[in-house]
Amino acid sequence: GRPEDQPGLEERQVVAAVNSYLGEHFAGTDLEATATGPLAVDDEWMHGIGDGHFTSVIASLISVFIMCGFLFRSAKLALLALIPNTIATFGVYAVMGFSDVWLGVATSMFASIAIGVGVDFATHTLDRMKEARRASSNIDDNLMHVYHSTGRALIFNTVAVACGFGV
């Protein structure tokens, strides 16, 4: 979309103009002036979301890697658990970008939801694969074991979660 279509852009311009006015008219005086009110607070809040959002998403993905590393006692399996989470997270941003959905208070939660949901599926599947691997080293047999033992539950869970969040 066009930058002028970004939610909050007009408000940001108003807050910038007020801050500029205050800087010009109160500089060099004993008085101090600060822009306040809902508009200034919302602008600062939205700035904070934009600035800290991606850092917190990266921190979340690193946390998933560390926790899965402890859970599986393997950096390799932790990395495997991280792959679908990373793809889902970037998928959320891709859909937002193509749909012209801007990062805001409500939309900033999409990535964390994707990470939280994705880690459940990844750890469940990898745990079953690890269990199946004890019985056989054949990857095809192991995949069949996973799908026979828990595949149906994973599919129903996926559909339920997708419908719930799709609303």
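These are my notebook entries on a predicted model of one protein chain.

**Overall make-up**

I began with the secondary structure and found five helices and zero strands in the protein chain. Read from the N terminus, the elements run α-α-α-α-α. I then looked up burial: of the 167 residues in the protein chain, 24% are buried. The accessible surface of the protein chain is about 11,500 Å². Carbon and sulfur atoms account for 65% of that surface. For contacts, I took residues at least 6 apart in sequence and noted that 62% of these contacts join residues at least 24 apart.

**Helix α5**

I checked the length of α5, residues 139-166, against a straight helix. A straight helix of 28 residues would span 40 Å, whereas α5 spans only 34 Å between its end C-alpha atoms. Where is the kink in α5 centred? I found it centred on T150, with an angle of about 65°. Next I listed the buried residues of α5, which are N142, V146, T150, G151 and L154. T150 thus appears in my notes both as the centre of the kink and as a buried residue. I also looked for what covers these buried residues, and the cover includes α4, residues 110-135.

**Helix α4**

I looked for salt bridges and counted one. It joins R128 and E131, whose closest N and O atoms are 3.9 Å apart. That distance falls inside the 4 Å cut-off, so the pair counts. Side chains of opposite charge can pair when their charged atoms come close. R128 and E131 are three residues apart in helix α4, so about one helical turn separates them. In an α-helix, residues three or four places apart point the same way, because there are 3.6 residues a turn. I then asked whether the two partners are buried or exposed. R128 is partly exposed at 25% relative accessibility, and E131 is partly exposed with a relative accessible area of 34%.

In helix α4 I also looked up D120. D120 is partly exposed, at 49% relative accessibility. I noted the separation of D120 and A81, which are 39 residues apart along the chain: their C-alpha atoms are 9.3 Å apart.

**Helix α2 and its surface patch**

Which residues form a nonpolar patch on the surface? I recorded I58, I62, I66, M67 and F70, with about 540 Å² of accessible area together. I followed up one of them, I58, which is found in helix α2, residues 38-72. I58 has a relative accessible area of 45% and is partly exposed. Residues enter a patch at over 30% relative accessible area, so I58 passes that cut-off.

**Backbone at two loop residues**

I checked for positive phi outside glycine. Most residues other than glycine have a negative phi. R73 has a positive phi, near 55°. R73 lies in the loop between α2 and α3, the latter being residues 75-98. R73 is exposed, with a relative accessible area of 74%.

D100 also has a positive phi, about 60°, although it is not a glycine. D100 sits in the loop between α3 and α4. Is D100 exposed or partly exposed? D100 counts as partly exposed, because its relative accessibility is 37%.

Technical notes. Residues numbered from 1 in each chain as written. Predicted model: local features only at pLDDT ≥ 70, side-chain atom pairs only at ≥ 80, totals over all residues. Heavy atoms only, no water. Patch = residues over 30% accessible without salt bridge, like charges linked within 9 Å, V, L, I, M, F, W, Y side chains within 5 Å. Areas by Shrake-Rupley, 256 points an atom, 1.4 Å probe, with all protein chains shown as cover. Salt bridge = Lys/Arg side-chain N within 4 Å of Asp/Glu carboxyl O. Helix = DSSP H or I, 4+ residues; strand = E, 2+ residues; numbered from the N terminus. Buried < 20%, exposed > 50% of the residue type's maximum accessible area, 1.4 Å probe, protein only. Expected span 1.5 Å × (residues − 1). Bend = angle between axes of the 7 residues up to and from the residue. Contact = heavy atoms within 4.5 Å.
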